[in-house]
Structures are given as structure tokens and as C-alpha cells.
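I opened this notebook to look up two things, beginning with the surroundings of the ligand and ending with the way some helices pass one another. The entries follow in the order in which I looked.

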Amino acid sequence: MGATSERKTEHIRLCLEEQVNGTGISTGLEKYAFRHNALPDLNFNDIRLNTEFLNIDVRTPLLISSMTGGSELAGTINERLAEAAERRGWAMGVGSGRAAVEKKELAPTFAVRRYAPSIPIIANVGAVQLNYGFGVEECMRVAEIAGANMLVLHLNSLQEVFQPEGDTAFAGLLARIEDVCRTLPIPVGVKEVGWGIDGETARQLHEAGVAFIDVAGAGGTSWSQVEKFRNKDHVRRAVAEAFADWGNPTAECIVDVRSKIPGAAIIGSGGLNTGVDAAKALALGQIWLGSAVPC
Ligand SMILES: Cc1cc2nc3c(=O)[nH]c(=O)nc-3n(C[C@H](O)[C@H](O)[C@H](O)COP(=O)(O)O)c2cc1C
């Protein structure tokens with residue numbers, strides 16, 4: 001299927017087989033603890049998680065973070081994730097859809113709506129591609145292929161720097177993001193990929209018309225670690241390793257972003273491993289929850 005497909009499959013393999021979490025950094029959620037209530041005035045069986053996200057009713061405030069598509073293995077994973085998300089009432093993101101636009105034969109690996117007819121599905125494009133010829137038309141095509149209700153643009157500057165084939169021209173992106181937000185007929189969000197979005201950046205994006213922010217903070221998967229394993233050059237590997245503790249921890253991002261854009265839709269993700277992590281993130285920011293790792 002070509003170089004793109006090989007890269008997608010290699011990313012999956014590395015995330016499954018290697019230690020790709022950041023080291024020397026955490027989500028910051030461990031600094032928070034709930035005060036135990038010995039006399040809860042509720043029946044546990046009455047607890048309901050249903051809510052709405054951007055006016056779509058959902059059974060839970062949970063989201064499978066954008067991950068994959070673009071190879072046969074990625075297509076199988078997307079199919080299974082979509083079926084699980086539909087059964088459980090989670091929202092689902094698919095991985096960057098650029099490959100599907102550039103190579104039509106890869107489009108079916110992103111086409112998850114057939115497996116998940118009712119849940120919110122979020123298509124995904126690297127924001128930097130807006131500086132490399134991707135425009136509103138291509139973004140819409142990516143959303144149509146996935147059958148998505150919304151699109152999320154990912155900010156992954158550091159990952160692009162570490163990829164031998166990376167696209168590193170990030171200047172002037174805010175105006176292009178604004179253009180996509182104002183023109184696309186579906187809501188457009190912005191996410192990071194594991195180094196976090198701070199409050200000031202979130203405020204700028206919100207003013208540019210971004211419909212939701214997924215903080216995708218540090219403390220879980222680190223893409224400098226993933227790219228370190230891909231790189232054969234020992235100097236580049238050492239440089240990537242030096243960034244193992246880089247990023248804004250997820251808890252800090254949630255608190256900061258919520259304080260700067262109080263009314264906005266926020267997704268808290270990055271390193272969430274357990275239901276207690278999820279509950280802390282919810283309590284910190286009245287947010288939605290995303291994870292690229294199974295809880
Ligand atoms: C195998 C894999 C592929 C990913 N591909 C994408 C992608 O195409 N687009 C994107 O926005 N994020 C991508 N991500 C990043 C995740 O959406 C998420 O932001 C990041 O992994 C941090 O969350 P975690 O600590 O729960 O893994 C990918 C993550 C994984 C593990």
C-alpha cells in the first residue's frame with residue numbers, strides 16, 4: 001500500500017510493543033484526590049452518564065481519541081473500535097485522513113460510519129497540512145469519507161520535527177484554522193497529540209471559531225518517544241529521547257483551558273488510564289474525556 005501505509009502500521013506496532021509513554025512526566029492528576037463521602041445521598045444504580053456533545057445526545061461523555069486509518073491493519077482496528085464505541089455509546093475519532101484524500105484506495109480504512117450509525121464520529125486532519133495545500137474542500141472530503149459529524153485539526157509540531165518526512169512549516173496557521181472554522185459546514189475542533197494545549201492558545205483558537213478544544217496533554221503517549229524508535233540515526237534518537245519529559249501535563253491543561261474559556265466545550269485527554277483518572281479530569285474541568293489507550 002506504500003510508504004504512508006507502512007508508517008501507519010509502524011506507529012501502531014511501536015505503540016503496542018515499545019515503551020512510548022513520556023518519562024519523568026505525569027498527567028498531574030495524581031496531585032488531586034477526592035474527599036471520600038461516607039454518607040452519599042444517592043443510589044448507585046441510579047447513576048447515569050448520558051449527556052450531549054455539541055448538541056448531539058450521547059450515552060457517555062467518553063471519546064476514543066483519534067488514532068488510525070490508512071493501512072489494512074488500521075482499517076481493521078477502526079472497524080473494531082467503531083463497533084465497540086457504538087455498543088457502548090462512546091464518541092469516536094479516526095486518525096489523520098490526509099492519506100484517504102491523497103490515495104483513494106485507502107479511504108475505506110477510515111469509513112467507520114457503517115459500523116457506528118448513531119454515535120458522534122470525528123474526522124481528523126493535521127492542522128499543518130493547511131500550509132501544504134490542504135483547504136476547506138479536502139477537509140470536507142476527509143469528514144465525508146469517515147461519515148463524521150465534526151472535524152478535529154491536530155497540532156503536532158514536535159512530532160513533525162522528529163519525523164524524517166515531517167512537515168514543519170507551522171507559521172501563520174491560526175488564520176488558516178479560522179478560515180476552515182468559518183467555512184466548513186460542520187463543527188471544527190483542535191487537539192494536540194500528547195504535549196498539551198495551554199489556556200492562552202485555547203483562547204486564541206476559541207476566538208478563531210474553534211468549536212471544541214481537546215487538550216491531549218502530557219503524561220501518556222509521547223510522540224517524540226514513538227519517533228525515537230522509528231529513527232535509525234543514533235544522534236536523532238538521542239535528540240528525541242531528550243524530549244521524553246516534554247509537554248504540558250493533562251491536569252494543568254484542563255485547569256488552564258477551563259479558566260481561559262469558561263463556557264467552551266473541552267475534551268480532557270492524554271494519559272488517562274483509569275476511571276478514577278477520568279473522574280478527576282471531569283471534576284477539574286466539566287469536560288469530556290478522551291483516551292487513546294484502553295481504560
Ligand atoms: C497509534 C496512535 C496513532 C495516533 N494517530 C493520531 C492521528 O492520526 N491524529 C491525531 O490527532 N492524534 C493521533 N494520535 C494521538 C492521540 O489521539 C492522543 O492525543 C495521544 O495519544 C495522547 O493520548 P494518550 O496519552 O491517551 O495516548 C495517535 C495515537 C496513537 C496511540
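Before I start, I note that a polar contact is a pair of N or O atoms within 3.5 Å. I also keep in mind that this is a predicted model.

Entry on polar contacts. With that cut-off in hand, I looked up Thr-221 and found that an N or O atom in its side chain lies 2.5 Å from an oxygen atom of the ligand, which means that this pair counts as a polar contact. For Lys-191 I noted that an N or O atom of the side chain is 2.9 Å from an oxygen atom of the ligand, while at Ser-96 a backbone N or O atom lies 2.9 Å from a ligand oxygen atom. I then looked up the cover, and the protein hides 94% of the 600 Å² of accessible area that the ligand has on its own.

Entry on the shell. Which residues come nearest to the ligand? Of the 19 residues around the ligand, I listed Ser-66, Met-67, Asn-124, Thr-221 and Gly-271 as the nearest. Sorting the shell by kind, I wrote down seven nonpolar residues, 10 polar and two charged.

Entry on helices. I looked up helix H8 (residues 223-230) and helix H9 (residues 234-241), whose axes come within 8 Å and cross at roughly 165 degrees, so H8 is roughly antiparallel to H9. Their crossing is left-handed. For helix H7 (residues 199-207) and helix H10 (residues 250-260), the axes come within 8 Å and cross at roughly 45 degrees, and H7 and H10 are therefore oblique to each other. I recorded that H7 passes H10 in a right-handed crossing.

How values were computed: Residues numbered from 1 in each chain as written. Predicted model: local features only at pLDDT ≥ 70, side-chain atom pairs only at ≥ 80, totals over all residues. Heavy atoms only, no water. Near = heavy atom within 4 Å. Polar contact = N/O pair within 3.5 Å; in protein donor to acceptor, adjacent residues only side chain to side chain. Areas by Shrake-Rupley, 256 points an atom, 1.4 Å probe, with all protein chains shown as cover. Nonpolar A, V, L, I, M, F, W, Y, C, P; charged D, E, K, R; others polar. Axes fitted to C-alpha atoms, helices over the stretch in contact; angles between N-to-C directions. Helix = DSSP H or I, 4+ residues; strand = E, 2+ residues; numbered from the N terminus. Parallel < 35°, antiparallel > 145°, perpendicular 65-115°, else oblique. Left-handed = near helix turned anticlockwise from the far one by under 90°.
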